[in-house]
Amino acid sequence: MAGADPGAHIGELLDRLGREAGPRARETADELVRSVVEFYGEGLARTVRLLRSAPAGSDPLAVLTADELVGDLLILHDLHPDDTMTRVGQALDKVRPYLGSHAGDVEVAGLDTDAAEGPTLRLRLRGSCDGCPSSTQTVRWTIEEAVARLAPEIAHIEVEGVAEAPAEQPLLQIQPRPPDGTPGPPPPSAAPEPPHWHTLAAPALPAHDRTTRVADIDGNPLLLVRLPGNLYAYRDRCPGCGADLRTAPLDGEFLSCSACAARFDVRHAGRGEGAHLEPLPLLEEDGAVRVAVPELLGAGS
């Protein structure tokens, strides 16, 4: 509002809300305003710190857009120098080395800015993801997180997968009701809950190539394996015998279970003879490592 005091106008609106909707609504609105002020205050503080510490001759916009919070504010106010599809491409470039370990790649199928649920990005996975459902889901989660971090204006992501189809189930006879004592067909399984992403500090990570380390996140033991060029995260559990893998020897790119001697290809989604390790989404960018823990990780025996 040109010529008006924004602070006074906000105060007037809060007073009107208190009169019309009651004190509880006024308290909630006050808290909302405080949160917004803190959000923008942190953005301004980071902007000042980033510009003050930027190397001489660096591009100020490049310095600011490299920070996630400041970059989000620039996107929110349509001030970011890169358009949505450019940032989507940058996000996909970050995860392509990871996708390669799952024998896959990703391409953009389209962007629908007029979709009812908001801007919708359509992606297509290419490759087999080693025919492993958990590998396919891990890839989807990793892509979604990478895009959300660089293009938060995307409201919805649709990913077309091409993992091997499961074996056909026998046809069911349609009857008015199941025969006495015969259970009906199981209800359709719910979509997996989205994972929770966590940032791992250096002490929790393998320090050198061809080394492993176990990190505990919310009671979930994760096996981290560093090979030349990439870091991988798996559930610390052998799918064959159920033993943990923290003492499993690493021979090149293969991990061998100390209990049953089963071997798993770390670089290729943890595949083994008839079984896969359980891969976890992982993003390694700008020196930081973020790993996702699905809601039901560790729930099985």
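L111 is partly exposed, with a relative accessible area of 30%. This residue is found in strand β1, which spans residues 104-112. Together with M85 and V108, L111 makes a nonpolar surface patch of about 200 Å². The model in which this patch appears is a predicted one, and the description below moves from the surface as a whole to the interior, then to the strands, and last to the charged pairs.

The protein has 301 residues, and buried residues make up 32% of them. Its accessible surface comes to about 17700 Å². Carbon and sulfur atoms account for 54% of that surface. The secondary structure consists of six helices and 13 strands. Among contacts in the protein with a separation of 6 or more, 51% are between residues 24 or more positions apart.

The interior comes next. The largest nonpolar core has 34 residues. Which of them touch the most other members? They are L123, I143, V147 and L224. Helix α5, residues 84-100, gives the most to this core, with six residues. Apart from the largest core lies another, of 13 residues. Among its members are V225, C238, C257 and L277.

V147 can serve as a closer view of the largest core, since its contacts can be listed one by one. Leaving aside neighbours within four places in sequence, V147 is in contact with V88, A91, L92, L121, P152, I154 and I157. Of these partners, V88, A91 and L92 have numbers that fall within the range of helix α5, residues 84-100. V147 itself has a number within helix α6, residues 133-150.

The strands can be followed along the chain, starting with β5, β6 and β7. Strand β5 covers residues 211-217 and is joined to β6 by seven bridges, the two running antiparallel. Within this pairing, V214 stands opposite L223 in β6. β5 and β6 form a hairpin with two residues between them. In that turn, D218 has a positive phi of about 55°.

Strand β6, residues 220-227, is mostly covered: seven of its eight residues are buried. β6 also pairs with strand β7, residues 230-235, in the antiparallel sense over six bridges. Here R226 stands opposite L231 in β7. β6 and β7 again form a hairpin with two residues between them, and G229 in the turn has a positive phi of about 95°. In a regular strand the side chains alternate between the two faces of the sheet.

Further along the chain, four strands form an open sheet in the order β8-β9-β10-β11, with antiparallel pairing. β8 (250-251) and β11 (271-272) stand at the edges, each with a single partner strand, so one side of each is left without a neighbour in the sheet. The partner of β11 is strand β10, residues 263-265, and two bridges join this antiparallel pair. One residue pairing can be named: D265 has R271 in β11 as its bridge partner.

The last topic is charge. Side chains of opposite charge can pair when their charged atoms come close. Counting a side-chain nitrogen of Lys or Arg within 4 Å of a carboxyl oxygen of Asp or Glu, the model has 20 salt bridges.

One of them joins R46 to E42, with the closest N and O atoms 3.0 Å apart. Where do these two residues lie relative to each other? Both are in helix α2, residues 23-53, and because they are four residues apart there, they are separated by about one helical turn. R46 is partly exposed, with a relative accessible area of 26%, and E42 also counts as partly exposed, at 31%. E42 has a salt bridge with R49 as well, with the closest N and O atoms 3.4 Å apart. R49 is partly exposed, with a relative accessible area of 48%.

Another salt bridge joins R149 to E68, the closest N and O atoms being 3.1 Å apart. R149 lies in helix α6 (residues 133-150) and E68 in helix α4 (residues 68-76), so this pair ties together parts that are 81 residues apart in sequence. E68 is partly exposed, with a relative accessible area of 37%. Salt bridges that share partners also join E42, R46, R49 and D67 into one network.

Key
Residues numbered from 1 in each chain as written. Predicted model: local features only at pLDDT ≥ 70, side-chain atom pairs only at ≥ 80, totals over all residues. Heavy atoms only, no water. Patch = residues over 30% accessible without salt bridge, like charges linked within 9 Å, V, L, I, M, F, W, Y side chains within 5 Å. Areas by Shrake-Rupley, 256 points an atom, 1.4 Å probe, with all protein chains shown as cover. Buried < 20%, exposed > 50% of the residue type's maximum accessible area, 1.4 Å probe, protein only. Core = buried A, V, L, I, M, F, W, Y, C linked by side-chain atoms within 4.5 Å. Contact = heavy atoms within 4.5 Å. Pairing = 2+ DSSP bridges.
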